[in-house]
Structures are given as C-alpha cells and as structure tokens.
Amino acid sequence: PTSPDAVDLQRCAELLRSCERRLSQLGRLRQAKRVEGRVAVAADALQDAMHLQLRRVSASYDAGRYAAAVGCALTLDRVDELVNRVHMNFAEAIKLCTKDVLHSHVVLSLGGDGAVSGPQLRALELGKYKDVCGQLREAR
C-alpha cells in the first residue's frame, strides 16, 4: 500500500528528469533560458518534498512513503544524500519521541495538567532533552 503523495513524489522525479533532458536538448535557445529557472525551482521543491517524506517515515514508518523517497532519490541520482538523511532523521525522531515521553512523565509527576503552571509547561515544551531530564529530577 502506498500513500497518494508518495506515488506523486516518484512521478514528479520522473517528470523533472524528462524536463531536464528536454532543456538540455534546447541548448541556448531563448525558450530554454525562460524555463531554466523554473526547472531549478522545481528541482529544489522536489528535493524538499523528498526530505519531508523521509522525516515522516522516521516519525512513523510507512513503506509507501519510504519507497517513494528511495525511488525519487534513485531517479535524481541522490542516493548518498538519502542515506545520510535517513540516519539523521531517525536520530532526530528518536530524540523527539524520548523528549515527548519525558515531557509527559514530568507533567504527570507534577500532578497532571491542572497542577503545572504555564511557565513550567512552556519551559518543558521549549526545553532541550537535558533540560527536560533536569525537570524530571526536580519533580521527584
């Protein structure tokens, strides 16, 4: 099963490659110069979309999204970038998930939502992992 936006990502990569090939065939014609910037913008947007898919896969694994990101990277010859991003995104997802669990634990330790002041909640939400761990120690 693939998500609709994952399928679109692969198709967009194929269309982008096709546009790049046609653009190179046009060479230095005026028509080529008019669309060259648009193709570059589309390439940047597609790369951003690929990275977004990877972040989503890291947070909640979806085989369709992952397949789309891999297919896009293969089509765009950016497999090394994809592999580097996967590692970075999974590490970030683990860190955020751990912080969320600690945040919930600290809030519960302080007596639930009603007993936690606004500034305490903001400090928890904005705090870094080590700050949340410090608040957990204080809550004991």
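User: At what angle do α2 and α3 pack?
Analyst: In this predicted model, helix α2 covers residues 30-59. Its axis and that of α3 lie 9 Å apart. α2 passes α3 in a left-handed crossing. The packing angle is about 145°.

User: Which residues of α3 make the contact with α2?
Analyst: On the α2 side, the contact is made by L46, M50, Q53, L54, R56 and V57. Sorted by class, the contact of α2 with α3 has eight nonpolar, one polar and two charged residues. From α3 come R65, Y66, A69, C72 and A73.

User: How far apart are the end C-alpha atoms of α3, and what span should its 13 residues have?
Analyst: α3 runs over residues 63-75. With 13 residues at 1.5 Å a residue, the helix should span 18 Å. The distance between the end C-alpha atoms agrees with this, so both values are 18 Å.

User: Which residues of α3 are buried?
Analyst: A residue counts as buried when its relative accessible area is under 20%. R65, A69, C72 and A73 belong to the contact of α3 with α2, and these residues are also among the buried ones. The full list for α3 is G64, R65, A68, A69, G71, C72 and A73.

User: Where is D77 found, and is D77 buried or exposed?
Analyst: D77 comes just after α3 and takes a positive phi of about 55°, although D77 is not a glycine. The residue is in the loop between α3 (63-75) and α4 (79-109). Its relative accessibility is 66%, and the cut-off for exposed is over 50%. D77 therefore counts as exposed.

User: How far does α4 reach from its first C-alpha to its last?
Analyst: α4 covers residues 79-109 and has 31 residues. At 1.5 Å a residue, the expected value is 45 Å. The reach in the model is close to that, at 45 Å.

User: How many nonpolar residues does the contact of α3 with α4 have?
Analyst: The axes of α3 and α4 come within 8 Å and cross at roughly 145°. Y66, A69, V70, A73 and L74 in α3 meet V79, L82 and V86 in α4. By class, this contact has no polar and no charged residues, and the nonpolar ones number eight.

User: Is V86 buried or exposed, and which residues does V86 touch?
Analyst: V86 is found in helix α4. Its relative accessible area is 15%, so V86 is buried. The C-alpha atoms of V86 and L54 are separated by 6.4 Å, although the two residues are 32 apart along the chain. Not counting residues up to four places away in sequence, V86 touches L54, S58 and Y66.

User: With which residues is S58 in contact, leaving aside its neighbours within four places in sequence?
Analyst: S58 is found in helix α2. At 10% relative accessibility, S58 counts as buried. Leaving aside neighbours within four places in sequence, the contacts of S58 are V86, N89, F90 and A93.

User: What distance separates the C-alpha atoms of A91 and S58?
Analyst: A91 has its place in helix α4. With a relative accessible area of 42%, A91 is partly exposed. A91 and S58 are 33 residues apart along the chain, and their C-alpha atoms are separated by 8.4 Å.

User: Which residues is H51 in contact with, leaving aside its neighbours within four places in sequence?
Analyst: H51 is found in helix α2. Its relative accessible area is 5%, so H51 is buried. Once neighbours within four places in sequence are left aside, H51 is in contact with E81, R85 and N89.

User: Which residues in α4 are buried?
Analyst: N89 is in contact with H51 and with S58. N89 and V86 are among the buried residues of α4. The full list is L82, V86, N89, A93, K99, L102, H103, V106 and V107.

User: What percentage of the 140 residues in the chain is buried?
Analyst: The chain has six helices and zero strands, in the pattern α-α-α-α-α-α. Its accessible surface comes to about 9400 Å², of which 56% belongs to carbon and sulfur atoms. Buried residues make up 30%.

How values were computed:
Residues numbered from 1 in each chain as written. Predicted model: local features only at pLDDT ≥ 70, side-chain atom pairs only at ≥ 80, totals over all residues. Heavy atoms only, no water. Helix = DSSP H or I, 4+ residues; strand = E, 2+ residues; numbered from the N terminus. Buried < 20%, exposed > 50% of the residue type's maximum accessible area, 1.4 Å probe, protein only. Expected span 1.5 Å × (residues − 1). Areas by Shrake-Rupley, 256 points an atom, 1.4 Å probe, with all protein chains shown as cover. Axes fitted to C-alpha atoms, helices over the stretch in contact; angles between N-to-C directions. Left-handed = near helix turned anticlockwise from the far one by under 90°. Contact = heavy atoms within 4.5 Å. Nonpolar A, V, L, I, M, F, W, Y, C, P; charged D, E, K, R; others polar.
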